[in-house]
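This note is offered to a colleague who wishes to read the fold alongside the coordinates. The points below go through the sheets, a helix, a salt bridge, a cavity and some backbone details.

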Amino acid sequence: MASLATTRDVPVLVVSSAASSERRINPSWTISQLKAKLESVTGIPPSVQALTLRLPDCQQGTSISAENEDVTKLEAWSLSAYAEIHVASTDPASSTIIPPSSSIPKYEMPVETYSSLPDTVLAYKKSHRIGRFDPNASESKEKRAADLWGEIDAAEISVGARCILTPSTTRRGTVAYVGLIPELPGPGPWVGVKLDEPAGKNDGSVAGTRYFDCDPQYGVFVRPDRVEVGDWKELGLEEDDDDLDEL
């Protein structure tokens, strides 16, 4: 889909009523850029596209949409390899652009043959024990969630606390949210931080759900191990006691 692949490109499956194919997308794209590229793949005009993201380890779909899709970037949805992006049309008339796949004669590979191929999404999920192929999925998710809550208690992370986002000491802000975010992948809690400077990725919302209020690019959601609570003043506001003694 992009003219040149970069190290940040993510392989995904684009699924529509007409076809499905593997494509590479870049999290730095805006929603509008993605929709423009998907038109040539699905035949659905960007203005009537409805996008749904389904991650490999999460059966629940998440809508890819925002109030301003010209500036909202895909990185807000934590894309992972071989996630599925389902593209539907909100305009029934657009179905005439490409006929439904059910009306097109096509080759259907036997399940046994597909299961035996080495370079498929199914093989990738099996080898990496993703989703239903992970024998300890439920147990490991519960342990991961418990560990994250333990990190929050140990680090004394709470709403209103001043903090920095490690490993940097310049990304400073205030904890604005602590809790679960169903729109983001993985179990357990996230920490929402309202940054002092526009060095974030959102406005305190994820996929249309608001968790705290801040200006665009001032909000960020991270795991607890990235948050260090302390008496972190805004940059430029620290006072040098030695200088004061010399006045």
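Which residue in β8 does Gly173 stand opposite? The answer is given under point 5, after the first sheet has been described.

1. Basis of the note. The coordinates are those of a predicted model. Every remark that follows should be read with that in mind.

2. The first sheet. Five strands form an open sheet in the order β2-β1-β5-β3-β4, and their pairing is mixed. The edges are formed by β2, residues 20-25, and β4, residues 62-64, each of which pairs on one side only. From one strand to the next, the twist averages 35°. In general terms, the strands of a sheet pair through backbone hydrogen bonds, in either a parallel or an antiparallel sense.

3. Pairings of β5. The mixed character of this sheet can be followed on strand β5. Strand β5 covers residues 83-89 and pairs in the parallel sense with β1, residues 10-15, over four bridges. Within this pairing, Val12 stands opposite Ala83 of β5, and Leu13 stands opposite Glu84 of β5. With β3, by contrast, β5 pairs in the antiparallel sense, over six bridges. Here the bridge partner of Ala50 is Ala88 in β5.

4. The helix across the sheet and its salt bridge. Helix α1, residues 31-42, lies across β1, β2, β3, β4 and β5. The helix runs at about 100° to β3, the strand of residues 49-54. A side chain of this helix also takes part in a salt bridge: Lys35 meets Glu69, with 3.0 Å from N to O. Lys35 belongs to helix α1 and Glu69 to the loop between β4 and β5, so the pair ties together parts that are 34 residues apart in sequence. As a general matter, side chains of opposite charge can pair when their charged atoms come close. The count of salt bridges in the model comes to five.

5. The second sheet. Another open sheet of five strands has the order β11-β8-β7-β6-β12, with antiparallel pairing. Its edge strands, each pairing on one side only, are β11 (219-222) and β12 (227-229). Neighbouring strands of this sheet are turned by 45° against each other on average, direction ignored. Strands β7, residues 172-179, and β8, residues 190-195, run antiparallel and are joined by six bridges. The opening question is settled here: Gly173 stands opposite Leu195 in β8. Gly179 of the β7 strand stands opposite Trp190 in β8.

6. Strand β6 and its two neighbours. Strand β6 pairs with β7 in the antiparallel sense over three bridges, and Arg162 stands opposite Thr174 in β7. A hairpin of six residues joins β6 to β7. Three bridges also join β6 to β12, and these two strands run antiparallel. In β12, Glu228 is the bridge partner of Ile164.

7. Backbone details to inspect. Which sense, cis or trans, does the peptide bond from Thr166 to Pro167 have? The bond is cis, with omega near 10°. Pro167 is found in the loop between β6, residues 162-165, and β7. A second detail concerns Tyr82, which has a positive phi of about 65° although it is not a glycine. Tyr82 is found in the loop between β4 and β5, the loop that also holds Glu69 of the salt bridge described above.

8. The cavity. How many cavities of 30 Å³ or more does the structure hold? The structure holds one, and the largest cavity has a volume of about 80 Å³. Its lining consists of Leu53, Leu55, Cys58, Gln60, Thr62, Trp77, Pro182, Glu183, Leu184 and Pro185. These lining residues divide into seven nonpolar, two polar and one charged. Among them, Leu53 falls in β3, residues 49-54, and Thr62 falls in the edge strand β4, residues 62-64.

Definitions and conventions:
Residues are numbered from 1 along each chain as its sequence is written. This is a predicted model: local features need pLDDT of at least 70, side-chain atom pairs count only at pLDDT 80 or more; totals for chains, interfaces and linings use all residues. Side-chain values use heavy atoms; hydrogens and water are left out. Two strands pair if DSSP finds at least two bridges between them. Axes are lines fitted to C-alpha atoms, for helices over the stretch in contact, and angles run from 0 to 180 degrees between N-to-C directions. Contact means heavy atoms within 4.5 Å. On a 1 Å grid over the protein atoms alone, a cavity is a set of points where a 1.4 Å probe fits but cannot get out, and a pocket is an open set with protein on both sides within 12 Å along at least five of seven lines; lining residues have an atom within 4 Å of a point. Grid points are joined across faces, edges and corners, and a volume is the space filled by probe spheres set on the points. Ala, Val, Leu, Ile, Met, Phe, Trp, Tyr, Cys and Pro count as nonpolar, Asp, Glu, Lys and Arg as charged, and the others, Gly among them, as polar. A salt bridge is a side-chain nitrogen of Lys or Arg within 4 Å of a carboxyl oxygen of Asp or Glu.
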